[in-house]
Amino acid sequence: MLYPAYEARVVRRLPPERIPKHVGVMLDGNRRWAKAVGTDTAHGHRAGAANIEPLLGWCEDIGVEVVTLWLLSTDNLNRPPAELEPLLGIIGDAVETLAEQRRWRLHPVGSLDLLPAPVAERLKEAAESTRDVKGLLVNIAVGYGGRREIADAVRSLLTEHAGKGTTLEELAEFIDVEHIAQHLYTRGQPDPDLVIRTSGEQRLGGFLLWQSAQSEFYFCEAYWPDFRRVDFLRAVRAYAERERRYGS
């Protein structure tokens, strides 16, 4: 009974001007959680999927505008089929459930061409069905890798200018950071202010490599299925208390 009062006090003390606009979350620890509670990996992934909707509600409550959820990396695609196929099904089910509520605007980010066609189609349909929703923008990172995103951005930039007849010499004259940023999966969105990783791991692992250059990071010991509202609010409070130096 103490937690609701504590959480309310934390929220009241959060300066409105210090609320992050974009929060990235690395949903890590499902497998280790499953092992710790003595169940199978699929159960861990289902428990993790069930915690996504509460997180989005917590973000809405404090005024976050964009959330990026890393659900599956490109490296994860190399897992054994016996684990990968159920995981892809769980992700597809979770995304469809979010889309059916028409509460959030879903935007898949990642190399969808690397995914099985039925999975990629489920993600695209979720995005299409929520395209006009005015709520929180939720990036669903599946088959995502930061290096792959940058390579795809450069490839897209080169293809665009090849179509215009731009020579490599001309392109080299004006290409800059902004030109590449315009071809990222998250183009047009603010970069993440706060990146949260659960499970105690303290590394990015390739998450939003380009966009997180000036982000603040928060590492939480809880496995993702155990991540609570109080953990989220503590992460936001830690962010609000920091003096952002923007790379200096």
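Two strands count as paired when DSSP finds at least two bridges between them. Keep that in mind as we walk through this predicted model, beginning with one pair of residues: V109 stands opposite A141 in β4. The strands involved, β3 and β4, run parallel and are joined by five bridges. To get from β3 to β4, the chain passes through helix α6, residues 117-129, and this β-α-β crossover is left-handed.

Now let us step back to the whole protein. Its secondary structure comes to 10 helices and six strands. The radius of gyration is 19 Å, close to the 18 Å that the globule rule gives for 248 residues, so the protein is as compact as a globular protein of that length. Along the principal axes, the C-alpha atoms fill a box of roughly 65 × 45 × 35 Å.

Next comes the sheet. Strands of a sheet pair through backbone hydrogen bonds, either parallel or antiparallel. Here the pairing is parallel, in an open sheet of six strands with the order β3-β4-β2-β1-β5-β6. At the edges stand β3 (105-109) and β6 (216-219); each has a single partner strand, so one side of each is left without a neighbour in the sheet. On average, neighbouring strands of this sheet are turned by 20° against each other, direction ignored.

At the β6 edge, the partner strand is β5 (residues 194-197), which runs parallel to β6 and is joined to it by four bridges. If you would like a residue pair to look for, V195 has F217 in β6 as its bridge partner. Helix α5, residues 81-100, packs on the sheet, where it touches β2 (66-73), β3 and β4 (137-144). The direction of α5 makes about 160° with that of β2.

That brings us to the helix pairs. Two packed helices are described by the angle between their axes and the distance between the axes. For α5 and α6, the axes come within 9 Å and cross at roughly 10°. Angles under 35 degrees count as roughly parallel, and α5 and α6 are therefore roughly parallel to each other. On the α5 side of their contact are L88, G89, G92, D93, V95, E96 and A99, which meet V119, R122, L123, A126 and S129 in α6. By type, the residues of this contact divide into six nonpolar, three polar and three charged.

The second pair is made by α3 (residues 41-50) and α4 (residues 52-62), which pack at an angle of about 25° with their axes 4 Å apart. These two helices are therefore roughly parallel to each other as well. Their contact brings G48, A49 and A50 of α3 together with I52, E53 and P54 of α4. Sorted by type, the contact holds four nonpolar residues, one polar and one charged.

How values were computed:
Residues numbered from 1 in each chain as written. Predicted model: local features only at pLDDT ≥ 70, side-chain atom pairs only at ≥ 80, totals over all residues. Heavy atoms only, no water. Axes fitted to C-alpha atoms, helices over the stretch in contact; angles between N-to-C directions. Contact = heavy atoms within 4.5 Å. Parallel < 35°, antiparallel > 145°, perpendicular 65-115°, else oblique. Nonpolar A, V, L, I, M, F, W, Y, C, P; charged D, E, K, R; others polar. Right-handed = clockwise from strand over helix to strand, strands pointing away. Rg over C-alpha atoms; globule rule 2.2 N^0.38 Å.
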